[in-house]
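Here's a quick briefing for anyone meeting this structure for the first time. Have a look at the chain below, then read on for its empty spaces and its overall build.

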Amino acid sequence: MNLILFGPPAAGKGTQAKRLTAERGFVQLSTGDMLRAARKSGSELGTKVAAIMDSGSLVSDEIVIALIEEALANNKGAPGFIFDGFPRTVAQAEALDAMLARHGKQIDRVIRLEVDSQQLMARIAKRFAEEGRADDNPEAYKVRLDAYFAQTAPLVPYYEKQGKLTGVDGMADVETVARAIAGTLDRA
């Protein structure tokens, strides 16, 4: 089973992905982690990624798809994959669907963590005050949240049309969210 955990920054996607990895053996494909690993690898693709990242440019969708394809090949026996940080746009979703189809695979479920933006902002401000995490700076977070709504939220109708989108109350406690996700996956 291949799934996407979908929602704005700080919605709890990473927390839930870690649980699914531990409990169900899924492989989490975090594009950020994959890019960093490729860069360190010294491979031809890694050298290309390093040059792009060093220039401050964004890595192309084609390169990210190639990294995902490589990860799928390296984890053939996995019971499923969790896509984390990709796709972020409809064009990326279409490219991912095409690549998976070439391998006889597909995205089976898209689980949307439904959250309240104002409560997320309050959560981030509190976490920033208590922990001082740079990525939790409320101003920087607002920019990330705005980018999510402008670029990534259009994926909702894309996956709704495919009948793959299920909403889960992302404002509930971690255990309740995990049970709701499990219930969605078990209905597959």
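A cavity here is a set of grid points where a 1.4 Å probe fits but cannot get out, while a pocket is an open set. Keep in mind that this is a predicted model. With that in hand, the largest cavity holds about 30 Å³ of space, and the largest pocket has a volume of about 1300 Å³.

**The closed space**

- The count comes to one cavity of 30 Å³ or more.
- Around the largest cavity sit Leu5, Lys13, Ala17, Ile82, Phe83, Asp84 and Gly85.
- Helix 1 and strand 3 are the elements that each give two or more residues to that lining.
- Strand 3 chips in the most, with three residues.
- Sorted by class, the lining of the largest cavity has four nonpolar, one polar and two charged residues.

**The open space**

- What volume does the largest pocket have? About 1300 Å³.
- There are 46 residues lining the largest pocket, and the closest to its centre are Lys13, Asp84, Gly85, Arg88 and Arg144.
- Plenty of elements join in: those giving two or more residues to this lining are strand 1 (2-6), helix 1 (13-24), helix 2 (31-41), helix 4 (61-74), strand 3 (81-84), helix 6 (117-131), helix 7 (138-152) and helix 9 (174-186).
- Which element gives the largest share of the pocket lining? That's helix 7, with five residues.
- By class, the pocket lining has 21 nonpolar, 15 polar and 10 charged residues.
- Lys13, Asp84 and Gly85 turn up in both places: they help line the largest cavity, and they are among the residues closest to the centre of the largest pocket.

**The overall build**

- The chain has nine helices and five strands.
- Going along the sequence, you'd read the pattern β-α-β-α-α-α-β-α-β-α-α-α-β-α.
- A compact globule of 188 residues would have a radius of gyration near 16 Å, and the chain's 17 Å agrees with that.
- The C-alpha trace spans about 45 × 40 × 30 Å along its principal axes.

**Inside and outside**

- Buried residues make up 38% of the 188 residues in the chain.
- About 9900 Å² of the chain is exposed, and carbon and sulfur atoms supply 51% of that.
- Among contacts with a separation of 6 or more, 72% are between residues 24 or more positions apart.

Terms used
Residues numbered from 1 in each chain as written. Predicted model: local features only at pLDDT ≥ 70, side-chain atom pairs only at ≥ 80, totals over all residues. Heavy atoms only, no water. 1 Å grid on protein atoms, 1.4 Å probe; cavity = no way out; pocket = protein on both sides within 12 Å on 5 of 7 lines; lining within 4 Å. Points joined across faces, edges and corners; volume = space filled by probe spheres on them. Helix = DSSP H or I, 4+ residues; strand = E, 2+ residues; numbered from the N terminus. Nonpolar A, V, L, I, M, F, W, Y, C, P; charged D, E, K, R; others polar. Rg over C-alpha atoms; globule rule 2.2 N^0.38 Å. Buried < 20%, exposed > 50% of the residue type's maximum accessible area, 1.4 Å probe, protein only. Contact = heavy atoms within 4.5 Å. Areas by Shrake-Rupley, 256 points an atom, 1.4 Å probe, with all protein chains shown as cover.
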